[in-house]
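Welcome! Let us take a friendly walk through a protein structure, starting with its strands and ending with its empty spaces.

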Amino acid sequence: MRRLAAFWLTAAIALAACTSSAPATSSPTASAIVVAPATAFDAAKAKAHVDYLADAARGGRYTGSAGYRDAANYIADRFREIGLEPLGDNGTYFQHFTMPIVDLTEMSTMTGPGGQTYRARVDFTESVGGRSGSGKAEAEIAAVGGAARTGGLNDFAGANVRGKIALVTGPAAPNGGSSVENAYQEGAVGVLLIGDATLRYSYVPRLQTETIPTFVINEDVANQLLAPAGKTLAAARDLVRTRRTNPSAPTSGFDVPISVRMSVSLTPVHDIDAMNVVGLLRAPDPNNAQRAVLVGGHLDGVGTDPDGSVFQAANDNASGLAVTIEVARALSHSIVFVAFAGEEEGYYGSEAYIAQMAAIPGRVESLVAMVNLDVIGCCSDTLVISNESPELQRRVRDIATSLGTVTRAGSTGGSDQTSFARRRVPAVLIEAADFILHVYADKPSVVQEYRLKLAGDVVTAVAKDLASAP
């Protein structure tokens, strides 16, 4: 990235929440702001933020929920304490935007032979987006390998898929397309994928007109379902690999003589009034007021299941927001800190920020860099630095190394930095090398204070470096 004279670091927290009857946080005007003096990064305060934001009372901070609005108000209050100017609508901290959302109306269900009941978030979990959505299916199983049907491959050969539930055993084929869509085109009425069944995967509110129920099941369940055909998951995958390397080998698809029942019930996709929370720590020198760096992460989580079980979302991503707040408190430079809403549904908050932010610094053409923080409070002392901007990646890793923090080069995509990289803003994601997310166990107790400090010290140093570069 270009090296620049000292500039603003704008602090914008982008959070989504629907309008509710909860009392709104008042937003001081610019003249009421008194900037707090710079301090060292305070990991104890950061942990306290995690404890509040990820408390079960916040309901998992699903975009548009009352718990999300509560969390947004909390962050606006911290911005006021720090001395950030409100940069939202009409002199407030809140920048409103509209986005679509979808949720469960009841817990999904899956039953097998003899009425065996499988457990949601243990044995299976639903996938939502595209062709995968609401629906009920009761049918026999057809094992279809990786569900490839292009490029000379046909994993469906040997199985009669029409009117059945497709069990996608894998392995996936390069450029094989969507396994769910391929199975639907072959006539499947439901799809079973193999993966981590304890997660609540992000619900993408972009659905086809006709949808079918899609579950992710664990390997133990897959082996149970395949047993009546005399197969194991490993054996089914071996058949696929053999067939792909030797077209004259036996076909890899096969029917399984048992029936499974599956049900997914979703709300209609509907629009909500969401909001970003934006605060500006103004540069003392007006000559350095035209450029900005964004530092932040997403506030939203995946919410609460219909049975009342809460995904408290401590590591993903109360940890990133906690670090964001305390980096803002630690710096005397002008900086924008961003906590985005709607990340789980597809970067809606960051896209809305880019579309609606008109102030300078802050608008996309004034941005020198964007540093995105996600899942940084648990499970590893190594930080992974993404590669949207190789020069920024190198810069962040060099600074971390100088502080004694181990880093690893990552790839691209996966969170809100993507929105900025698309606009040619140098952007980087900082995350832990191992993490926990989208599970009931992601509670405040998994986030460790020393890991917040490890990340916070790196981000503080990176922001200072970017702000003072000649």
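## Two parallel neighbours

Strand 9 (residues 190–194) and strand 11 (residues 214–217) run parallel and are joined by four bridges. For one of these strands' residues, L192, the bridge partner in strand 11 is F215. Please keep in mind that this is a predicted model.

Strands of a sheet pair through backbone hydrogen bonds, and the pairing can be parallel or antiparallel. In a regular strand, the side chains point to the two faces of the sheet in turn.

## The sheet as a whole

Where do strands 9 and 11 sit in the order of their sheet? The sheet is open and has seven strands, in the order 4-12-7-8-9-11-5, with mixed pairing. Strand 4 (109–111) and strand 5 (124–126) are its edge strands, each pairing on one side only. From one strand to the next, the twist averages 30°.

Helix 4 (residues 219–226) packs on this sheet. The helix touches strand 4, strand 7 (135–143), strand 8 (165–167), strand 9, strand 11 and strand 12 (254–264). The direction of helix 4 makes about 130° with that of strand 12.

## Both kinds of pairing

Strand 7 is a good place to see what "mixed" looks like. With strand 12, strand 7 pairs in the antiparallel sense over nine bridges. Here E138 stands opposite R261 in strand 12.

With strand 8, strand 7 runs parallel, and three bridges join the two. In this pairing A142 stands opposite A166 in strand 8.

## Aromatic rings that meet

How many aromatic pairs does a search of the whole structure find? The search gives seven. In one of them, the rings of F79 and Y93 have centres 6.1 Å apart and planes at 70°, so this pair counts as edge-to-face. The cut-off behind that label is an angle of over 60 degrees between the planes.

The F79 and Y93 pair links distant parts of the chain, with their positions 14 residues apart. F79 belongs to helix 2 (residues 66–82), while Y93 is in the loop between strand 2 (85–86) and strand 3 (94–101).

## Unusual spots in the backbone

Most peptide bonds are trans, and most residues other than glycine have a negative phi. Which peptide bonds are cis here? One cis bond joins G170 and P171, with omega about 0°. P171 lies in the loop between strand 8 and helix 3 (179–185). Another cis bond runs from I360 to P361, with omega near 0°. P361 is in the loop between helix 7 (348–356) and strand 16 (367–373).

R121 has a positive phi, near 65°, although R121 is not a glycine. You can find R121 in the loop between strand 4 and strand 5, the two edge strands of the sheet.

## Pockets and a cavity

Rolling a probe the size of a water molecule over the atoms shows where empty space is left. The largest pocket holds about 320 Å³ of space. It is lined by 23 residues, and those closest to its centre are D374, G414, E431, F435 and L437. Strand 17 (383–385) and strand 19 (427–432) are the elements that give two or more residues to the lining. By class, the lining of the largest pocket divides into eight nonpolar, 10 polar and five charged residues.

How many cavities of 30 Å³ or more does the structure hold? There is one, and the largest cavity has about 40 Å³ of space. The residues lining the largest cavity are G301, V302, F311, Q312, A313, D316, H438, V439 and D442. Of these, four are nonpolar, three polar and two charged.

Methods
Residues are numbered from 1 along each chain as its sequence is written. This is a predicted model: local features need pLDDT of at least 70, side-chain atom pairs count only at pLDDT 80 or more; totals for chains, interfaces and linings use all residues. Side-chain values use heavy atoms; hydrogens and water are left out. On a 1 Å grid over the protein atoms alone, a cavity is a set of points where a 1.4 Å probe fits but cannot get out, and a pocket is an open set with protein on both sides within 12 Å along at least five of seven lines; lining residues have an atom within 4 Å of a point. Grid points are joined across faces, edges and corners, and a volume is the space filled by probe spheres set on the points. Ala, Val, Leu, Ile, Met, Phe, Trp, Tyr, Cys and Pro count as nonpolar, Asp, Glu, Lys and Arg as charged, and the others, Gly among them, as polar. Two strands pair if DSSP finds at least two bridges between them. Axes are lines fitted to C-alpha atoms, for helices over the stretch in contact, and angles run from 0 to 180 degrees between N-to-C directions. Contact means heavy atoms within 4.5 Å. Rings of Phe, Tyr and Trp (its six-membered ring) pair if their centres lie within 6.5 Å; planes under 30 degrees apart count as stacked, over 60 as edge-to-face and the rest as tilted.
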